[in-house]
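Hi,

Here is the structure I said I would pass on. Have a look at it, and then read my notes underneath.

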Amino acid sequence: MNTIYCIFKLCSRKGKFHNFMNNLLIESTKKTPEVSFNTDGRLKISGRSIPEDPTVFYDQLFEWMYFYCQEPSDVTTLDIELEYFNSGSSKAILHILRALVDISKKGKRLSVNWYYEEGDDDIMERGEYYESILDYKFNFFET
């Protein structure tokens, strides 16, 4: 089952499914990251991601991602600059990464830039884990 179909199922099972082909901009809170998803292919998630119910927060990202993947830009760049995220957020981020890797297999260019603070081996290793299970090369940046 492809990732785009899975994201569609995640969105449609909740009875809400809208076309989000505008830019998606979400300000950060103490528990949720800043999100900047632009239709021109510039995508960014940064900050902390520890929402009590990750599906409530990430559903809107899945909906947007579903429509973006229908007609993606020729070049997509995802910047992930998370200082901390919980296991629920980890699963959601993996869904997003899988969807983007799927479009790269269809001839679109993808860059995944993974940022981590100096000495933060946990965040760096999480990025390396995603890179290995997705079999897709990430760019790592120590800040």
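**The end of helix 4 and what lies around it**

Helix 4 is followed by Asp135, and the phi of this residue is positive, near 55°. Before going further, please keep in mind that this is a predicted model.

Let me stay with helix 4 for a moment. This helix takes in residues 121-134, so to speak 14 residues in total, and from its first C-alpha to its last it reaches 20 Å, close to the 20 Å expected at 1.5 Å a residue. Which residues of helix 4 are buried? They are Ile123, Met124, Gly127, Tyr130, Glu131 and Leu134. Looking down the axis of helix 4, you will find its buried residues within an arc of 120°, so they line one face of the helix. On the other side of helix 4 sit Asp122 and Ser132, which are exposed. And what covers those buried residues? The cover includes strand 4, helix 3, strand 5 and strand 6 (139-142).

Now to the strands, some of which you have just met. Strand 3 (residues 42-49) and strand 4 (residues 75-85) run parallel and are joined by eight bridges. One pair to click on is Leu43 with its bridge partner in strand 4, Leu78. Leu78 also stands opposite Val112 in strand 5. Strand 5 (residues 109-116) runs parallel to strand 4, and six bridges join the two.

How does the chain get from strand 4 to strand 5? It crosses through helix 3 (residues 87-104), and this β-α-β crossover is right-handed. Strand 3, helix 2 (residues 54-70) and strand 4 also make a β-α-β unit, and that unit is right-handed too.

One last residue to look at is Gln60, which is found in helix 2. Is Gln60 buried, exposed or partly exposed? Buried would require under 20% relative accessible area and exposed over 50%, so at 27% relative accessibility Gln60 counts as partly exposed. Setting aside neighbours within four places in sequence, Gln60 is in contact with Leu24 and Ile26. Leu24 lies 36 residues from Gln60 along the chain, and their C-alpha atoms are separated by 8.8 Å. Within helix 2, the side chain of Gln60 reaches the backbone oxygen of Phe57 at 3.2 Å.

Have fun with it!

How values were computed:
Residues numbered from 1 in each chain as written. Predicted model: local features only at pLDDT ≥ 70, side-chain atom pairs only at ≥ 80, totals over all residues. Heavy atoms only, no water. Pairing = 2+ DSSP bridges. Helix = DSSP H or I, 4+ residues; strand = E, 2+ residues; numbered from the N terminus. Right-handed = clockwise from strand over helix to strand, strands pointing away. Expected span 1.5 Å × (residues − 1). Buried < 20%, exposed > 50% of the residue type's maximum accessible area, 1.4 Å probe, protein only. Arc of directions from axis to C-beta. Contact = heavy atoms within 4.5 Å. Polar contact = N/O pair within 3.5 Å; in protein donor to acceptor, adjacent residues only side chain to side chain.
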